[in-house]
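Reader: Hello! I would love a close look at one part of this model, the place where two of its elements pack together.

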Amino acid sequence: MNRYDNPYFFQFPESPAIPGMQPLNGSMKLWELEEDNAYLKYLYPDVTRKICEFVEEICDQMEYEGSLMFDLYPDKTTLQITASGIAREFEKKYPDDMPKDKKLFRNLIEVVLYHEILYRRSRYRDHKRLYL
(Lines give C-alpha, C1' and ligand atoms only; values in the text may rest on other atoms or scores of the structure.)
Protein backbone atom coordinates (compact mmCIF):
# COMPACT_ATOMS: atom_id res chain seq x y z
CA MET A 1 0.00 0.00 0.00
CA ASN A 2 1.49 3.34 -0.99
CA ARG A 3 0.88 6.63 0.79
CA TYR A 4 -1.86 7.68 -1.65
CA ASP A 5 -3.95 4.64 -0.70
CA ASN A 6 -3.83 5.60 2.99
CA PRO A 7 -7.27 7.12 3.85
CA TYR A 8 -5.73 9.31 6.60
CA PHE A 9 -3.01 10.89 4.49
CA PHE A 10 -5.19 13.37 2.58
CA GLN A 11 -7.71 13.92 5.34
CA PHE A 12 -6.83 17.60 5.79
CA PRO A 13 -6.42 20.37 3.19
CA GLU A 14 -2.74 20.76 4.02
CA SER A 15 -1.38 17.23 4.28
CA PRO A 16 0.63 16.58 7.42
CA ALA A 17 4.14 15.23 7.12
CA ILE A 18 3.18 12.24 9.27
CA PRO A 19 0.07 10.31 8.19
CA GLY A 20 -2.77 10.64 10.70
CA MET A 21 -1.31 13.69 12.45
CA GLN A 22 -3.28 16.93 12.23
CA PRO A 23 -1.50 20.06 11.06
CA LEU A 24 -0.90 22.75 13.69
CA ASN A 25 -3.37 25.19 12.18
CA GLY A 26 -5.39 25.28 15.38
CA SER A 27 -3.50 28.36 16.47
CA MET A 28 -5.29 30.35 13.76
CA LYS A 29 -8.63 29.17 15.13
CA LEU A 30 -7.61 30.30 18.61
CA TRP A 31 -6.64 33.70 17.24
CA GLU A 32 -9.98 34.01 15.42
CA LEU A 33 -11.84 33.02 18.58
CA GLU A 34 -9.99 35.65 20.60
CA GLU A 35 -10.70 38.30 17.99
CA ASP A 36 -14.40 37.43 17.73
CA ASN A 37 -14.83 37.38 21.48
CA ALA A 38 -13.12 40.77 21.91
CA TYR A 39 -15.26 42.35 19.19
CA LEU A 40 -18.53 40.99 20.58
CA LYS A 41 -17.61 42.22 24.06
CA TYR A 42 -16.97 45.62 22.52
CA LEU A 43 -20.58 45.58 21.29
CA TYR A 44 -21.98 44.99 24.79
CA PRO A 45 -23.94 47.83 26.41
CA ASP A 46 -21.91 49.95 28.87
CA VAL A 47 -23.23 48.31 32.05
CA THR A 48 -22.66 44.84 30.63
CA ARG A 49 -19.09 45.78 29.68
CA LYS A 50 -18.47 46.88 33.26
CA ILE A 51 -19.94 43.62 34.55
CA CYS A 52 -17.73 41.75 32.10
CA GLU A 53 -14.63 43.35 33.66
CA PHE A 54 -15.60 42.02 37.08
CA VAL A 55 -16.37 38.59 35.66
CA GLU A 56 -13.03 38.45 33.84
CA GLU A 57 -11.16 39.28 37.06
CA ILE A 58 -12.93 36.48 38.91
CA CYS A 59 -12.33 34.04 36.04
CA ASP A 60 -8.64 34.99 35.98
CA GLN A 61 -8.45 33.87 39.61
CA MET A 62 -10.37 30.65 38.82
CA GLU A 63 -8.25 29.71 35.80
CA TYR A 64 -5.89 27.03 37.05
CA GLU A 65 -5.54 23.30 36.54
CA GLY A 66 -8.21 21.44 38.52
CA SER A 67 -10.39 24.53 38.92
CA LEU A 68 -14.17 24.45 39.16
CA MET A 69 -14.15 26.21 35.80
CA PHE A 70 -12.74 23.14 34.06
CA ASP A 71 -14.89 20.54 35.83
CA LEU A 72 -16.98 18.39 33.52
CA TYR A 73 -20.12 19.55 35.36
CA PRO A 74 -19.42 22.73 37.36
CA ASP A 75 -21.47 23.15 40.55
CA LYS A 76 -24.37 25.53 39.89
CA THR A 77 -24.65 26.65 43.52
CA THR A 78 -20.99 27.67 43.64
CA LEU A 79 -21.38 29.59 40.39
CA GLN A 80 -24.46 31.36 41.75
CA ILE A 81 -22.54 32.32 44.89
CA THR A 82 -19.75 33.66 42.66
CA ALA A 83 -22.31 35.70 40.71
CA SER A 84 -23.67 37.11 43.98
CA GLY A 85 -20.17 38.20 44.98
CA ILE A 86 -19.71 39.90 41.64
CA ALA A 87 -23.05 41.69 42.09
CA ARG A 88 -22.00 42.96 45.54
CA GLU A 89 -18.65 44.21 44.26
CA PHE A 90 -20.31 45.88 41.28
CA GLU A 91 -22.81 47.62 43.56
CA LYS A 92 -19.96 48.95 45.73
CA LYS A 93 -17.96 50.27 42.78
CA TYR A 94 -20.82 51.55 40.57
CA PRO A 95 -23.79 52.41 42.81
CA ASP A 96 -25.24 54.77 40.17
CA ASP A 97 -25.32 52.08 37.46
CA MET A 98 -27.36 49.63 39.52
CA PRO A 99 -30.64 48.71 37.85
CA LYS A 100 -33.86 48.69 39.86
CA ASP A 101 -34.57 45.02 39.25
CA LYS A 102 -31.91 43.24 41.31
CA LYS A 103 -33.01 39.75 40.23
CA LEU A 104 -32.69 40.59 36.55
CA PHE A 105 -29.29 42.18 37.23
CA ARG A 106 -28.10 39.06 39.04
CA ASN A 107 -29.34 36.88 36.18
CA LEU A 108 -27.38 39.03 33.73
CA ILE A 109 -24.24 38.53 35.80
CA GLU A 110 -24.79 34.77 35.80
CA VAL A 111 -25.20 34.72 32.02
CA VAL A 112 -22.01 36.75 31.51
CA LEU A 113 -20.18 34.48 33.99
CA TYR A 114 -21.35 31.30 32.25
CA HIS A 115 -20.39 32.71 28.86
CA GLU A 116 -16.90 33.62 30.09
CA ILE A 117 -16.44 30.16 31.59
CA LEU A 118 -17.61 28.53 28.36
CA TYR A 119 -15.20 30.68 26.35
CA ARG A 120 -12.26 29.87 28.63
CA ARG A 121 -13.06 26.15 28.67
CA SER A 122 -13.12 26.12 24.88
CA ARG A 123 -9.85 28.06 24.69
CA TYR A 124 -8.25 25.73 27.25
CA ARG A 125 -9.29 22.60 25.37
CA ASP A 126 -8.14 23.96 22.01
CA HIS A 127 -4.81 25.03 23.52
CA LYS A 128 -4.24 21.57 24.98
CA ARG A 129 -4.97 19.97 21.58
CA LEU A 130 -2.21 22.02 19.97
CA TYR A 131 0.41 20.25 22.05
CA LEU A 132 -0.86 16.66 22.03
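Before we zoom in, in what order do the elements of the protein run from the N terminus on? And how do helix 2 and helix 3 meet?

Author: Happy to help! Please keep in mind that this is a predicted model. From the N terminus on, the order of elements is α-α-α-α, and the count comes to 4 helices and 0 strands. The protein has 132 residues, and 28% of them count as buried. Its accessible surface is about 9700 Å², with 57% of that belonging to carbon and sulfur atoms. If we take the contacts between residues at least 6 apart in sequence, 65% of them join residues at least 24 apart.

Now to the part you asked about. Two packed helices are described by the angle between their axes and the distance between the axes. Helix 2 covers residues 46–62 and helix 3 covers residues 76–93; their axes come within 10 Å and cross at roughly 125 degrees. Because an angle over 115 but not over 145 degrees falls in the oblique range, helix 2 is oblique to helix 3. The crossing itself is right-handed.

As for the residues in contact, helix 2 brings Val47, Lys50, Ile51, Phe54, Val55 and Ile58. On the other side, helix 3 offers Thr82, Ile86, Glu89, Phe90 and Lys93. Sorted by class, this contact has 7 nonpolar residues, along with 1 polar and 3 charged ones. Thr82 is the polar residue, while Lys50, Glu89 and Lys93 are the charged ones.

Definitions and conventions: Residues are numbered from 1 along each chain as its sequence is written. This is a predicted model: local features need pLDDT of at least 70, side-chain atom pairs count only at pLDDT 80 or more; totals for chains, interfaces and linings use all residues. Side-chain values use heavy atoms; hydrogens and water are left out. Helices (H or I, at least four residues) and strands (E, at least two) are DSSP runs, numbered from the N terminus. Buried means under 20% relative accessible area, exposed over 50%, partly exposed in between (1.4 Å probe, protein chains only). Contact means heavy atoms within 4.5 Å. Accessible areas come from the Shrake-Rupley method with a 1.4 Å probe; for residues, only the protein chains shown count as cover. Axes are lines fitted to C-alpha atoms, for helices over the stretch in contact, and angles run from 0 to 180 degrees between N-to-C directions. Angles under 35 degrees count as roughly parallel, over 145 as roughly antiparallel, 65 to 115 as roughly perpendicular and the rest as oblique. A crossing is left-handed if the near helix is turned anticlockwise from the far one by less than a right angle, and right-handed if clockwise.
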